[in-house]
Amino acid sequence: VHSMTLNQFSPESRDGLERVLSGAGRPVTRLSMEWIDAPGPVLTLVEYDRGRRSAIDLAEYHHHGDWIAWR
């Protein structure tokens with residue numbers, strides 16, 4: 001689980017995190033609250049399983065938590 005963290009990573013570091021999680025050798029779930037390459041912050045559930053990655057955006061939210069709009 002992380003919020004407003006990956007924006008502090010370089011693109012190469014974000015790619016490295018994806019490689020580590022994809023290659024974990026077991027299912028891994030990541031809940032992410034980020035604002036990268038989107039018009040606003042997004043809550044995303046990402047699942048990694050044996051090299052497969054799936055992601056679903058669950059909600060948009062105010063960057064200081066004033067509101068959340070579930071999808």
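Two bridges connect strand S1 to strand S2, which spans residues 28-34, and these two strands run parallel. The model described here is predicted. One point along this pairing is His2, which stands opposite Ser32 in S2. To pass from S1 to S2, the chain crosses through helix H1, residues 11-22, and this β-α-β crossover is right-handed.

On its other pairing, S2 meets strand S3, residues 42-49, through seven bridges, and here the two strands run antiparallel. Within S3, Val46 is the bridge partner of Arg30. Both arrangements fall under a general rule: strands of a sheet pair through backbone hydrogen bonds, either parallel or antiparallel.

The whole sheet may now be considered. Five strands make up an open sheet of mixed pairing, in the order S1-S2-S3-S4-S5. Its edges are strand S1 (2-3) and strand S5 (68-70), each of which pairs on one side only.

Strand S2 also shows how the two faces of the sheet differ in their surroundings. Its covered face carries Val28, Arg30, Ser32 and Glu34, whereas Thr29, Leu31 and Met33 belong to the uncovered face. In a regular strand the side chains alternate between the two faces of the sheet.

Two residues of these strands deserve closer attention. The first topic is Arg30, which has its place in strand S2. Is Arg30 buried or exposed? Its relative accessible area is 8%, so Arg30 counts as buried, the limit being under 20%. The side chain of Arg30 makes a polar contact of 2.8 Å with that of Glu18, and another polar contact, of 3.1 Å, joins the side chains of Arg30 and His2. Beyond its neighbours within four places in sequence, Arg30 is in contact with a set of residues that includes Leu6, Leu21, Thr44, Leu45, Tyr48 and Arg53. His2, Glu18 and Val46 also belong to that set.

His2, the partner in one of those polar contacts, is located in strand S1. With a relative accessible area of 15%, His2 is buried. Residues up to four places away in sequence being set aside, His2 touches Arg30, Leu31, Ser32, Met33 and Glu34. Ser32, which His2 stands opposite in S2, is thus named again among the residues that His2 touches.

Arg50 offers a contrast in setting. This residue lies in the loop between S3 and strand S4 (52-61). Because its relative accessibility is 60%, Arg50 counts as exposed, a class that begins over 50%. The side chains of Arg50 and Asp49 are joined by a polar contact of 3.2 Å. Arg50 and Arg26 are 24 residues apart along the chain, and 6.4 Å separates their C-alpha atoms.

The final topic is the largest pocket, which holds about 400 Å³ of space. Of the 19 residues that line this pocket, Leu6, Ser32, Glu34, Ile36 and Arg53 are the closest to its centre. Two of these names, Ser32 and Glu34, have already appeared on the covered face of S2. Which element supplies the largest share of the lining of the largest pocket? Helix H1 does, with five residues. H1, S2, S3 and S4 each contribute at least two residues to the lining. The helix through which the chain crosses from S1 to S2 therefore provides the largest share of the lining of the largest pocket.

Terms used:
Residues are numbered from 1 along each chain as its sequence is written. This is a predicted model: local features need pLDDT of at least 70, side-chain atom pairs count only at pLDDT 80 or more; totals for chains, interfaces and linings use all residues. Side-chain values use heavy atoms; hydrogens and water are left out. Two strands pair if DSSP finds at least two bridges between them. Helices (H or I, at least four residues) and strands (E, at least two) are DSSP runs, numbered from the N terminus. Buried means under 20% relative accessible area, exposed over 50%, partly exposed in between (1.4 Å probe, protein chains only). A crossover is right-handed if, with the strands pointing away from the viewer, the path from the first strand over the helix to the second runs clockwise. Contact means heavy atoms within 4.5 Å. A polar contact is a pair of N or O atoms within 3.5 Å; within protein, one must be able to donate a hydrogen and the other to accept it, and residues adjacent in sequence count only if both atoms are side-chain atoms. On a 1 Å grid over the protein atoms alone, a cavity is a set of points where a 1.4 Å probe fits but cannot get out, and a pocket is an open set with protein on both sides within 12 Å along at least five of seven lines; lining residues have an atom within 4 Å of a point. Grid points are joined across faces, edges and corners, and a volume is the space filled by probe spheres set on the points.
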